[in-house]
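Colleague: Before we look at single residues, could you take me through how to read the surroundings of a bound molecule?

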Amino acid sequence: MEMKDFSLTGKVAFITGATYGIGFAIATAYIKAGAKVAFCDISQDKVDLGYKAYEEAGCKDSVKGYVCNVTDENAVKETVKKINADLGTIDILVNNAGIIKRIPMHEMKREEFQAVIDIDLVAPYIVASAVIPQMIEKGHGKIINICSMMSELGRETVSAYAAAKGGLKMLTRNICAEYGQYNIQCNGIGPGYIATPQTAPLREKQPDGSRHPFDQFICGRTPAGRWLQTEELQGPAVFLASDASNAVNGHILYVDGGILAYIGKQP
Ligand code: NAP
Ligand code: GCO
């Protein structure tokens, strides 16, 4: 093995929903590793916000944004064509776009449950299906699905999200099984609890200025005793996108600070 195996020089990566948060952190890491990055969001305003963030990160010349709702099959196919025309064949796909709705299951409306499934599970199928043909033609490809602690664990109020992320774990393994023969590696990253807009409600200070109960709970469930940062996902994400991981397939790499190995701190 040589260090160049970790390089993404000359690669084209498509990262869904990478205007901010985990996707943005992965995108900037890929750019620093030598890749060109395509990102998407559901409105031009959001894409423009993304461009501003990439410019501030010194990455504007290596990134291109597209308006694309990843649940819209035709929009995804059109966006892939635009990426091919603008940047070239897609070597790396990161299915990052995702939502969560924290509602007790028996109070959740069917359309709310379906919305989470559509974005967090159906969309990775849609986008991967649109990109895999060119990876087969090229003879190589990397697909990385952003899974979750909820790919392994449940908790109150996140039934749709856990069902989607559990399904995404198995979709990852099935893409590995079906497309490994074409030298396509499909793996997952399972982040622990990361400080992003998606988890901001779980970290909000209480009216009396005290920490959110969930904030205290998660720090007690994490051996490191803290929330993780998006930057801590960058190394694992570059590894799984690079030639250094060509023999890694169907694996969910949990980047959780040890949560899944820990019963939790005694109160
Ligand atoms: P986030 O801050 O909420 O960002 C999600 C991104 O996805 C946003 O850019 C959002 O765009 C985009 N998106 C949502 N629906 C979309 C759609 N239909 N089409 C295109 N883009 C869409 O979330 P995050 O915390 O960075 O999480 C990113 C991924 O990691 C998600 O899959 C999440 O489930 C997963 N994850 C997060 C954590 C965590 O602790 N934060 C842990 C494990 C896994 P808009 O702003 O326009 O909605
Ligand atoms: C929640 C959180 C989690 C994280 C992440 C954990 O409400 O429990 O949002 O679901 O987003 O998925 O890995």
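Modeller: Let us begin with the shell around ligand 1, to which H1 and helix H5 (159-179) each supply at least two residues; helices (H or I, at least four residues) and strands (E, at least two) are DSSP runs, numbered from the N terminus. This is a predicted model, in which local features need pLDDT of at least 70 and side-chain atom pairs count only at pLDDT 80 or more, whereas totals for chains, interfaces and linings use all residues. Residues are numbered from 1 along each chain as its sequence is written, chains are lettered from A and ligands numbered from 1 in the order in which they are written, and side-chain values use heavy atoms, with hydrogens and water left out.

Colleague: How many residues surround ligand 1, and which are the closest?

Modeller: A residue is near a molecule if one of its heavy atoms lies within 4 Å of it. Here 27 residues surround ligand 1, the closest being Tyr 20, Asp 41, Asn 96, Tyr 161 and Thr 196.

Colleague: Which polar backbone atom lies 3.1 Å from a nitrogen atom of ligand 1?

Modeller: A polar contact is a pair of N or O atoms within 3.5 Å; within protein, one must be able to donate a hydrogen and the other to accept it, and residues adjacent in sequence count only if both atoms are side-chain atoms. For the nitrogen atom of ligand 1 the partner belongs to Val 70, while an oxygen atom of ligand 1 is 3.1 Å from a polar backbone atom of Gly 17. Taken alone, ligand 1 exposes 890 Å², of which the protein buries 93%, with areas from the Shrake-Rupley method and a 1.4 Å probe.

Colleague: And what surrounds ligand 2?

Modeller: Its shell has 14 residues, and the closest are Arg 102, Ser 148, Arg 155, Tyr 161 and Gln 198. An oxygen atom of ligand 2 is 2.6 Å from a side-chain N or O atom of Arg 155, and an oxygen atom of ligand 2 is likewise 2.6 Å from such an atom of Tyr 161. The protein buries 96% of the 330 Å² that ligand 2 exposes when taken alone.

Colleague: Is Thr 19 buried or exposed?

Modeller: Buried means under 20% relative accessible area, exposed over 50%, and partly exposed in between (1.4 Å probe, protein chains only). Thr 19 lies in the loop between strand S1 (12-16) and helix H1 (21-32), and with a relative accessible area of 4% Thr 19 is buried. Its side chain makes a polar contact with the side chain of Asp 41 (2.4 Å).
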